[in-house]
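Reader: I should like to take a close look at a single part of this protein and to see how it is set among its surroundings. Please begin with that part and then work outwards.

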Amino acid sequence: MMWTKIFITTCISLMSLLSCSETVPISVDKTKVTRPEEKVQEPPQSVDTGLHYDRYLREVIDFLEKDQHFREKLHNTDMEDIKQGKLAKELDFVSHHVRTKLDELKRQEVSRLRTLIKAKQDIEGGNDMAVDHQALLKQFEYLNHMNPHTFEVEDLDRLIKSATKDLENYDKERHEEFKRYEMMKEHERREHLKTLDEEGRRKEEEHYEEMKKKHADHPKVNHPGSQDQLKEVWEEADGLDPEDFDPKTFFNLHDTNGDGFFDEQELEALFTKELEKIYDPTNEEDDMVEMEEERLRMREHVMNEVDTNKDRLVSLDEFLVATKRKEFLEPDSWETLEQNQAYTEEEMREFEERLVKQEEDLNQKAADLQKQREELERQQEQLNAQKIELQQAVEHMERLKTQKVEPPRGDQVDGNAIPESPGNDQPLPPGQQPVPPVQQDIPQIQHDLPQGQDHSPQEAHHVPKENQPLPPGHQAVAEGDQQAPQGQHTLP
């Protein structure tokens with residue numbers, strides 16, 4: 001609907017008409033022009049406000065438009081009441097269905113903002129930082145972040161006021177963005193010249209000056225919004241005789257959605273013929289980004305001259321009044337962008353200084369990241385070495401578990417062969433009783449001890465007779481045994 005576009009475009013002119021304007025009588029030859037009511041009606045194109053919450057704004061208006069009570073109040077509310085928030089209070093009287101949908105839209109918008117905040121935190125390297133969504137949501141003034149669940153009167157009031165302020169600053173921000181674009185383009189050109197030798201720089205400078213001259217060589221550009229400029233559109237775009245030019249008819253022909261107003265998009269469409277005189281996308285010397293900036297300059301100029309109530313719309317009455325002024329009939333010449341450099345040399349110097357500082361900061365961050373990478377690689381090497389050591393230790397323990405270690409054989413002591421002893425001639429620990437031998441023929445071994453020494457079990461022992469267990473303690477050795485030659489074995 002018509003008022004939806006007005007709200008989105010200005011957010012302070014909601015009291016506009018709710019139906020298309022009456023057809024304005026045609027005062028020229030009816031055989032040369034199509035009557036407005038006979039024009040093929042095309043669906044109005046959506047108006048992009050350029051605001052980051054444009055979709056949210058558009059959806060809120062679409063649902064408010066469906067409520068009959070709100071529409072009636074809108075029709076009877078003037079601009080000052082809208083600015084003071086009186087229209088927003090009518091939200092309490094809209095239908096339950098509309099309120100429920102508005103609640104849902106707000107919850108979706110809050111969720112979207114939280115996602116954007118989280119993404120920004122991740123990009124800036126704040127993955128480990130706690131995100132205070134409540135604090136960050138304060139920067140979004142177009143909704144009440146303290147109540148993220150329901151759409152209230154305050155939300156509509158904030159939406160109207162924020163959109164009004166943001167739209168007023170939008171053009172200024174676009175100009176600043178274009179200025180940065182132009183300075184960056186010049187900076188890159190200068191940096192490129194530094195890479196060339198003297199002959200290369202000379203040729204590049206000559207080519208640059210040649211392109212500037214070619215771009216400036218274009219037909220005269222009419223003053224935007226002047227009689228000459230509009231008559232040219234009347235003749236070339238509309239195919240009508242310039243002598244039959246009529247401002248009222250012209251207005252109705254180019255009010256493409258028939259709402260009784262020129263919005264910003266409809267105004268900018270009027271300047272296409274003038275821009276085509278200056279810019280051609282097939283020419284090397286013509287920059288299409290500059291063409292859009294020129295279009296914006298033209299539209300701003302007409303708005304400042306014609307839009308007397310500053311609602312970012314041009315009504316039929318405002319347009320007709322403007323066509324009677326001297327500026328419309330005898331305008332000054334229009335200076336294009338090449339005649340008005342977007343930046344000063346001082347601004348260029350400050351811009352390059354900021355670029356140098358940004359480059360230094362980036363280099364420092366890169367160096368810090370490189371150090372962190374090297375430290376991580378060193379730590380990784382240590383971890384890999386420790387891992388290898390642990391693996392080797394585990395493998396060694398596994399081998400010990402799986403291998404069966406056999407006791408040393410009697411004929412091996414430290415790798416040297418010794419004769420096997422026919423009996424156990426090793427002393428037992430004190431207090432331990434000897435184990436009876438197996439009943440078999442075992443020769444008795446005679447040990448010669450010095451005279452006078454006790455024959456304790458710890459010092460010497462004899463092999464008992466066959467099938468005879470040893471009594472506790474050893475008996476005295478027989479005299480005949482003592483006289484036996486050393487090393488001689490005798491039987492009992």
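What covers the buried residues of helix H10 (residues 247–254)?

Author: The model is predicted, so local features need pLDDT of at least 70 and side-chain atom pairs pLDDT 80 or more, whereas totals for chains, interfaces and linings use all residues. Residues are numbered from 1 along each chain as its sequence is written, and side-chain values use heavy atoms, without hydrogens and water.

The cover over the buried residues of H10 includes helix H9, strand S1 (261–262), helix H11 (264–269), strand S2 (314–315) and helix H14 (316–322). Helices (H or I, at least four residues) and strands (E, at least two) are DSSP runs, numbered from the N terminus. In H10 the buried residues are Thr-249, Phe-250, Phe-251, Asn-252 and His-254; buried means under 20% relative accessible area, exposed over 50%, and partly exposed in between (1.4 Å probe, protein chains only). The setting is a protein chain with 17 helices and two strands, in which 35% of the 492 residues count as buried.

Two of the covering helices can be followed further. H9 spans residues 227–236 and contains Glu-235, which is partly exposed because its relative accessibility is 41%. H11 supplies Glu-264, whose salt bridge with Arg-299 has its closest N and O atoms 3.5 Å apart; a salt bridge is a side-chain nitrogen of Lys or Arg within 4 Å of a carboxyl oxygen of Asp or Glu. Since Glu-264 belongs to H11 and Arg-299 to helix H13, this pair ties together parts 35 residues apart in sequence. Both partners are buried, Glu-264 at 10% relative accessibility and Arg-299 at 3%.

H13 (residues 288–306) also carries Glu-294, a buried residue with a relative accessible area of 0%. Apart from neighbours within four places in sequence, Glu-294 is in contact (heavy atoms within 4.5 Å) with Leu-275, Tyr-279, Trp-334, Glu-335, Thr-336 and Leu-337. Of these contacts, Tyr-279 sits in the loop between helix H12 (272–278) and H13, and its relative accessibility of 4% counts as buried. The C-alpha atoms of Tyr-279 and Met-291 are 6.5 Å apart, with their positions 12 residues apart in sequence. When residues up to four places away are not counted, Tyr-279 touches His-215, Asp-286, Asp-287, Met-288, Glu-290, Met-291, Glu-294 and Leu-337.

Elsewhere in the chain, the structure holds 37 salt bridges. In one of them, the side chains of Asp-155 and Lys-106 meet at 2.8 Å, N to O. Asp-155 lies in helix H7 (residues 153–194) and Lys-106 in helix H5 (residues 96–123), so parts 49 residues apart in sequence are tied together. Asp-155 is buried, with a relative accessible area of 1%, and Lys-106 is buried at 0%.

Glu-377 forms a salt bridge with Arg-373, the closest N and O atoms being 3.3 Å apart. Both residues lie in helix H16 (residues 345–402), four residues apart, about one turn of the helix. An α-helix has 3.6 residues a turn, so residues three or four places apart point the same way. Arg-373 is exposed, with a relative accessible area of 51%, whereas Glu-377, at 40%, is partly exposed. A network of salt bridges links Glu-186, Arg-189, Arg-190, Glu-205, Glu-345 and Glu-352.
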